[in-house]
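Welcome, and thanks for taking a look at this one. Below is a short tour of the model, grouped by topic so you can follow along in your viewer.

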Amino acid sequence: MIIVESPDRFARDLAVQLAGHDYLRSLGVELVPASAPDFFLEDTPTAVLVRQVLGAISQFEKASLVAKLKAARDRKREATGKCGGRRTLAEARPETVALAKELHGQRLSLRKISAALAERGHVTGGGKPYTANMVQTMLRRE
């Protein structure tokens, strides 16, 4: 026996829901939604119709939600240039990046820039000096 929260949580795609239910039944596994215990047990034409209609509605709701979230991410990306992901070092520690660029203007090597940043208290979250690769990344970014 498999207990799911509700019939629409079993699958958000109508074809997957119908095929999954039939497959589990062929294996002798009983599927029981906690919110409607008889939902998958009855095989009357009405019960099959209700399962199909509710499965189609669930699939529509999922597709609608996915489209809304994509539109919102696109609007955010268009407005700010970024949506999601980690903050860049320039966003998290702009003073560190500015100092690295200033030191780079003095023709210091990446390792010397790293050492100079560490001397002035600009270190990673773990308290270690930035690596040369990280300094290079700082210099490439805006």
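The largest nonpolar core is built from 11 residues: Leu-89, Val-97, Leu-99, Ala-100, Leu-103, Ile-113, Ala-116, Leu-117, Tyr-130, Val-135 and Met-138. Please keep in mind that this is a predicted model. The protein as a whole has 7 helices and 2 strands, and its radius of gyration of 28 Å is well over the 14 Å that the globule rule gives for 142 residues, so it is more spread out than a compact globule.

**The cores**

- Three elements, α5, α6 and α7, each give two or more residues to the largest core.
- Helix α5 supplies the largest share of that core, with 4 residues.
- A second core, separate from this one, has 5 residues, among them Val-4, Leu-24, Leu-31 and Phe-39.
- Val-135, a member of the largest core, touches Leu-110, Ile-113, Ser-114, Leu-117 and Tyr-130, leaving out residues up to four places away in sequence.

**Helix α5**

- Helix α5 covers residues 94-105, which makes 12 residues, and it reaches 17 Å from its first C-alpha to its last, close to the 16 Å expected at 1.5 Å a residue.
- Its buried residues are Thr-96, Val-97, Leu-99, Ala-100 and Leu-103.
- Viewed down the axis of α5, these buried residues fall within an arc of 160 degrees, so they line one face of the helix.
- As background, an α-helix has 3.6 residues a turn, so residues three or four places apart point the same way.
- The cover over the buried residues of α5 includes α4 (89-92), α6 (110-119) and α7 (132-140).
- Just after α5, Arg-107 adopts a positive phi of about 65 degrees.

**A closer look at Ala-100**

- Ala-100 sits in helix α5.
- How buried is Ala-100? Its relative accessible area is 0%, and with buried meaning under 20%, Ala-100 therefore counts as buried.
- Setting aside neighbours within four places in sequence, Ala-100 is in contact with Ile-113, Leu-117, Met-138 and Leu-139.
- Ala-100 and Leu-89 both belong to the largest core; they are 11 residues apart in sequence and 12 Å apart in space, C-alpha to C-alpha.

**A closer look at His-21**

- For a second stop, turn to His-21, which lies in helix α2 (residues 14-26).
- Is His-21 buried or exposed? At 6% relative accessibility, His-21 is buried, because the cut-off is under 20%.
- Which residues does His-21 touch, not counting those up to four places away in sequence? They are Phe-10, Leu-31, Phe-40 and Arg-51.
- One of these partners, Leu-31, is also part of the second core.

**The overall picture**

- Reading from the N terminus, the elements run β-α-α-β-α-α-α-α-α.
- The C-alpha atoms fill a box of roughly 80 × 35 × 20 Å, taken along the principal axes.
- Of the 142 residues in the protein, 23% are buried.
- About 9800 Å² of the protein is exposed, and carbon and sulfur atoms supply 56% of that area.
- Among contacts between residues at least 6 apart in sequence, 52% join residues at least 24 apart.

Definitions and conventions. Residues are numbered from 1 along each chain as its sequence is written. This is a predicted model: local features need pLDDT of at least 70, side-chain atom pairs count only at pLDDT 80 or more; totals for chains, interfaces and linings use all residues. Side-chain values use heavy atoms; hydrogens and water are left out. The expected span of a helix is 1.5 Å times one less than its number of residues. Buried means under 20% relative accessible area, exposed over 50%, partly exposed in between (1.4 Å probe, protein chains only). The arc is that of the directions from the helix axis to the C-beta atoms. Contact means heavy atoms within 4.5 Å. The radius of gyration is taken over C-alpha atoms; the globule rule is 2.2 Å times the number of residues to the power 0.38. Accessible areas come from the Shrake-Rupley method with a 1.4 Å probe; for residues, only the protein chains shown count as cover. A nonpolar core is a set of buried Ala, Val, Leu, Ile, Met, Phe, Trp, Tyr and Cys residues joined through side-chain atoms within 4.5 Å.
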